[in-house]
Amino acid sequence: MSDKRDDWHVRLPDPKEQLRVIDLYHKSGSKSKSDFVRARLLGEHFKVMLRELIGLTKELTALQEKAVSLTIDYREK
């Protein structure tokens, strides 16, 4: 195997495909585009993390903590 790295350049001429790939990359949570492409080509699994769901999870956790706090306060009085 050669020590020299092979450079790959991929062009997606269809703008709809470009937007789809960019969207999938952002949802993948991959650290780099190279990691994303490598995972897709080699069939490796990766997580899809939606920013909206992450924010919603944080909000729900905060609400749950407030509910627990209110329950404790109510029982103490």
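# Exercises on a predicted three-helix model

The side chains of Asp35 and Arg38 form a salt bridge, with N to O at 2.3 Å. The model is predicted. Work through the exercises with the structure open.

## Exercise 1. The salt bridges

Find how many salt bridges the structure holds, and place each one in its helix.

Solution.

Step 1. Start from the general idea. Side chains of opposite charge can pair when their charged atoms come close.

Step 2. Take the count. The structure holds two salt bridges.

Step 3. Check the pair from the opening. Asp35 and Arg38 stand at 2.3 Å, N to O. The cut-off is 4 Å between a side-chain nitrogen of Lys or Arg and a carboxyl oxygen of Asp or Glu, so the pair qualifies.

Step 4. Place that pair. Asp35 and Arg38 are three residues apart in helix H2, and so about one helical turn separates them.

Step 5. Turn to the other pair. Lys27 and Asp23 meet in a salt bridge at 3.3 Å, N to O. They are four residues apart in helix H1, which covers residues 15-28. About one helical turn separates Lys27 and Asp23.

Step 6. Add the exposure of each partner.

- Asp35 is partly exposed, at 29% relative accessible area.
- Arg38 is partly exposed, at 40%.
- Lys27 is partly exposed, at 30%.
- Asp23 is partly exposed, at 36%.

## Exercise 2. The aromatic pair

Find the aromatic pair and classify its geometry.

Solution.

Step 1. Search the whole structure. One aromatic pair turns up.

Step 2. Read off the geometry. The ring centres of Tyr25 and Phe36 are 5.8 Å apart, and their planes meet at 70°. Planes over 60 degrees apart count as edge-to-face, so this pair is edge-to-face.

Step 3. Locate the rings. Tyr25 sits in helix H1 and Phe36 in helix H2. The pair therefore ties together parts that are eleven residues apart in sequence.

Step 4. Buried or exposed? Test Tyr25 and Phe36 against the cut-off: buried means under 20% relative accessible area. Tyr25 has 17% and counts as buried. Phe36 has 6% and is buried too.

## Exercise 3. Helix H1 from end to end

Compare the span of H1 with its expected value, then inspect what lies at its start and just after it; the span itself comes from the end C-alpha atoms.

Solution.

Step 1. Work out the span. H1 has 14 residues, and at 1.5 Å a residue these should span 20 Å. The end C-alpha atoms are 20 Å apart, so the two values agree.

Step 2. Look at the start. A side-chain oxygen of Asp14 comes to within 3.1 Å of the backbone nitrogen of Lys16.

Step 3. Look just past the end. Gly29 has a positive phi of about 75°.

## Exercise 4. Two serines

Say where Ser28 and Ser30 lie, and what joins their side chains.

Solution.

Step 1. Place them. Ser28 belongs to helix H1. Ser30 belongs to the loop between H1 and H2.

Step 2. Find the link. A polar contact of 2.9 Å joins the two side chains of Ser28 and Ser30.

Step 3. Grade the burial. Ser28 is buried, at 4% relative accessible area. Ser30, at 19%, also counts as buried.

## Exercise 5. Surface and overall layout

Name the residues that make the nonpolar surface patch, then describe the whole protein.

Solution.

Step 1. List the patch. Trp8, Val37, Leu41 and Leu42 make a nonpolar surface patch of about 510 Å².

Step 2. Examine one member. Leu42 is in helix H2, residues 33-42. Exposed means over 50% relative accessible area, so Leu42 at 60% counts as exposed.

Step 3. Count the elements. The protein has three helices and zero strands. Along the sequence, the pattern reads α-α-α.

Step 4. Take the totals. Of the 77 residues in the protein, 6% are buried. The accessible surface comes to about 7,900 Å². Carbon and sulfur atoms account for 56% of that surface.

Note on methods:
Residues numbered from 1 in each chain as written. Predicted model: local features only at pLDDT ≥ 70, side-chain atom pairs only at ≥ 80, totals over all residues. Heavy atoms only, no water. Patch = residues over 30% accessible without salt bridge, like charges linked within 9 Å, V, L, I, M, F, W, Y side chains within 5 Å. Areas by Shrake-Rupley, 256 points an atom, 1.4 Å probe, with all protein chains shown as cover. Buried < 20%, exposed > 50% of the residue type's maximum accessible area, 1.4 Å probe, protein only. Phe/Tyr/Trp six-rings, centres within 6.5 Å; stacked < 30°, edge-to-face > 60°. Expected span 1.5 Å × (residues − 1). Polar contact = N/O pair within 3.5 Å; in protein donor to acceptor, adjacent residues only side chain to side chain.
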